[in-house]
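Student: Please look closely with me at the largest pocket, and explain each term as you come to it.

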Amino acid sequence: MLPYIKWAAENEFDVLALNTNECGSEMNGSQTPFDHAQTVWDDFLSAVQDKIVFIVAHSFGGVVVQKLTKGNSNFEDIVSKVAFTDSVHMGKIRCDSTPCINWVSSSKPADTHLGDGWCEMRSAGSINIPGHHILL
């Protein structure tokens, strides 16, 4: 995620980084990855307007975003695009008007279209470091 954060800072974006893997009972509102993401959504993002939020979600972060799409009726009003990197989420994501792409490990050239289904899939251009070439 660090290349995305660096790029965003260099391009004068505000960045809110979540590590939903580091949750626990001692963190109020963050007992689980889903609780943590929902707390951040409620406290910082739910009042945002004009589709100015871009999400990059890696691995299990895709499952967390999938739950956010289902639990927040205003998700598509707030989120402009979702980029998944080797997301492990399964099933359709409610992103009818929000473009969602999952860059997955592949030996095919970077950004090669690999198919559609629950979410468009493109090659990350590597089988070792998924998605690190992408600049949103």
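Tutor: A residue is called buried when its relative accessible area is under 20%, exposed when it is over 50%, and partly exposed in between, with a 1.4 Å probe and only the protein chains taken into account. By that rule, 38% of the 136 residues of this protein count as buried. Residues are numbered from 1 along each chain as its sequence is written, and side-chain values rest on heavy atoms, with hydrogens and water left out. The model is predicted, and local features therefore need a pLDDT of at least 70 and side-chain atom pairs one of 80 or more, while totals for chains, interfaces and linings use all residues.

Before we turn to the pocket, here is the overall plan of the chain. The protein has four helices and five strands, where helices (H or I, at least four residues) and strands (E, at least two) are DSSP runs numbered from the N terminus. Read from the N terminus, the elements follow the order α-α-β-α-α-β-β-β-β. Contact means heavy atoms within 4.5 Å, and of the contacts in the protein with a separation of 6 or more, 43% are between residues 24 or more positions apart.

Now to the pocket itself. On a 1 Å grid over the protein atoms alone, a pocket is an open set of points where a 1.4 Å probe fits, with protein on both sides within 12 Å along at least five of seven lines, and its lining residues have an atom within 4 Å of a point. A volume is the space filled by probe spheres set on the points, which are joined across faces, edges and corners. The largest pocket holds about 1200 Å³ of space, and 41 residues line it, with L16, A17, F54, I55 and V56 lying nearest its centre. Two or more lining residues come from each of α1 (2–10), α2 (33–45), β1 (53–58), α3 (61–71), β2 (79–85) and β3 (100–104). The largest share is that of β1, which gives six residues to the lining. Sorted by class, the lining has 33 nonpolar, six polar and two charged residues, where Ala, Val, Leu, Ile, Met, Phe, Trp, Tyr, Cys and Pro count as nonpolar, Asp, Glu, Lys and Arg as charged, and the others, Gly among them, as polar.

Some of these lining elements deserve a closer look, and α3 is a good place to start. This helix is mostly covered, since eight of its eleven residues are buried, namely G61, G62, V63, V64, V65, Q66, L68 and T69. Their cover includes α2, β1 and β2, together with α4 (75–78). Just ahead of α3, in the loop that joins it to β1, sits S59. S59 has a positive phi of about 55° although it is not a glycine, and with a relative accessibility of 26% it counts as partly exposed, because that value lies between the two limits.

Strand β2 gives us two residues to compare with those limits. T85 belongs to β2 and counts as buried because its relative accessibility is 2%. S80 also belongs to β2, and its 13% relative accessibility means that S80 is buried as well. When residues up to four places away in sequence are not counted, S80 touches K51, V53, F54, T98 and P99; of these partners, F54 has already been named among the residues nearest the centre of the pocket.

From β2 we can step across to β5 (residues 120–123), the strand in which E120 is found. E120 is partly exposed, because its relative accessible area is 21%. The C-alpha atoms of E120 and F84 are 9.9 Å apart, although 36 residues separate them along the chain. Leaving out residues up to four places away in sequence, E120 touches C100, I101 and N102, and also H113 and G115.

Finally, the loop between α1 and α2 joins two of the elements that line the pocket. E12 is found in this loop and counts as exposed because its relative accessibility is 75%. Most residues other than glycine have a negative phi. E12 instead has a positive phi of about 60°. E22 lies in the same loop and is likewise exposed, at 55% relative accessibility, and its C-alpha atom is separated by 8.6 Å from that of T32, ten residues away along the chain.
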